[in-house]
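Please read the following note with the model open beside you, and check each point against it as you go. The points move from single loop residues to the sheets and then to a pocket.

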Amino acid sequence: AAGGSFSIQQGRNFTTPGAFANAGTVAVGSGSAFTSTGAFTQSSTGVLSGTGTVVGNVTSSGSVRPGGVGSIGVLTIQGNYTQNSDGSTTTEIGGAAPGTGYDQLAVTGQATLGGTLYAPMVNGFAPGNQQSFRPLLFSSRVNAFANVVPQNLPAGTSMAYQYDDTP
């Protein structure tokens, strides 16, 4: 999706014949799979979103949005995920359950983290004291997000981020 848009929906599957470079928008819907037989790389203008599965190793300098904009869900990467220092992941939080209350990025391999994690509260949700969320699952992790940015928190509410390597 070099500057364009590619969407795969309704349980469909798509396989690239080699490496895939995204500078536009790739949306993978529920029950659908996008398979990259080579590296899946995303430039700073690239957006990867949805509730389906990406099969292959993903390296992103762009934006990853499980669920999509204004939609809660789980995006799965079957492989390794590298978020570069100029990349971001946005996980909307609108309730207590992963996939229905808040977004989650599930990585079956290693997550190498950098850049920013945005965590906007949506739908008027106000987390309780000591309430926890797992916006990112992985089998192993290298590094941490350079920035964790909660957004739309109610007055008097704070958020802390803890890494948990157990998928």
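1. Asn123 is located in the loop that runs between β16 and β17, where strands (E, at least two residues) and helices (H or I, at least four residues) are DSSP runs numbered from the N terminus. The phi angle of Asn123 is near 60 degrees, which is a positive value in a residue other than glycine. Asn123 counts as exposed because its relative accessible area is 70%; the cut-offs are under 20% for buried, over 50% for exposed, and partly exposed in between, with a 1.4 Å probe and protein chains only. A positive phi, of about 65 degrees, is also found at Asn143, although Asn143 is not a glycine, and Asn143 sits in the loop between β18 (140-142) and β19.

2. Before going further, please keep in mind that this is a predicted model, in which local features need pLDDT of at least 70 and side-chain atom pairs count only at pLDDT 80 or more, while totals for chains, interfaces and linings use all residues. Residues are numbered from 1 along each chain as its sequence is written, and side-chain values use heavy atoms, with hydrogens and water left out.

3. One open sheet has 7 strands in the order β1-β4-β7-β10-β13-β16-β19, with parallel pairing, and two strands are said to pair if DSSP finds at least two bridges between them. Its edge strands are β1 (5-8) and β19 (147-151), each of which pairs on one side only. On average, neighbouring strands of this sheet are turned by 15 degrees against each other, direction ignored; the axes behind this value are lines fitted to C-alpha atoms, for helices over the stretch in contact, and angles run from 0 to 180 degrees between N-to-C directions.

4. At one end of that order, β1 pairs with strand β4 (residues 25-28) in the parallel sense over 4 bridges, and Ile8 has Val28 in β4 as its bridge partner. Strand β4 also pairs with strand β7 (residues 47-50), again in the parallel sense and over 4 bridges, and here the bridge partner of Val26 is Leu48 in β7.

5. Where does Thr90 lie, and is it buried or exposed? Thr90 belongs to strand β13, which covers residues 88-90, and it is classed as buried because its relative accessible area is 6%. If residues up to four places away in sequence are not counted, Thr90 touches Val64, Arg65, Pro66, Asp103, Tyr118 and Pro120, where a contact means heavy atoms within 4.5 Å.

6. A second arrangement to trace is an open sheet of 6 strands with the order β2-β5-β8-β11-β14-β17 and parallel pairing. The edge strands here are β2 (13-16) and β17, and each pairs on one side only. Within this sheet, strand β5 (residues 33-36) runs parallel to strand β8 (residues 53-55), and 3 bridges join them; Phe34 stands opposite Val54 in β8.

7. Two residues of the loop between β5 and β6 deserve a separate look, namely Thr37 and Ala39, with β6 covering 40-42. Thr37 is exposed because its relative accessible area is 52%, and, leaving out residues up to four places away in sequence, it touches Thr15, Thr16, Pro17 and Gly18. Thr37 and Ala27 are 10 residues apart in sequence and 18 Å apart in space, C-alpha to C-alpha. Ala39 is partly exposed, since its relative accessible area is 41%. Ala39 and Asn57 are 18 residues apart in sequence and 5.9 Å apart in space, C-alpha to C-alpha, and the contacts of Ala39 beyond its neighbours within four places in sequence are Ala19, Phe20 and Asn57.

8. Finally, the largest pocket holds about 590 Å³ of space. Of the 24 residues that line it, the closest to its centre are Gln131, Ser132, Phe133, Met159 and Ala160. A pocket is an open set of points, on a 1 Å grid over the protein atoms alone, where a 1.4 Å probe fits, with protein on both sides within 12 Å along at least five of seven lines, and lining residues have an atom within 4 Å of a point. Strands β16 (116-120) and β17 (136-137) each supply at least two residues of this lining.

How values were computed. Grid points are joined across faces, edges and corners, and a volume is the space filled by probe spheres set on the points.
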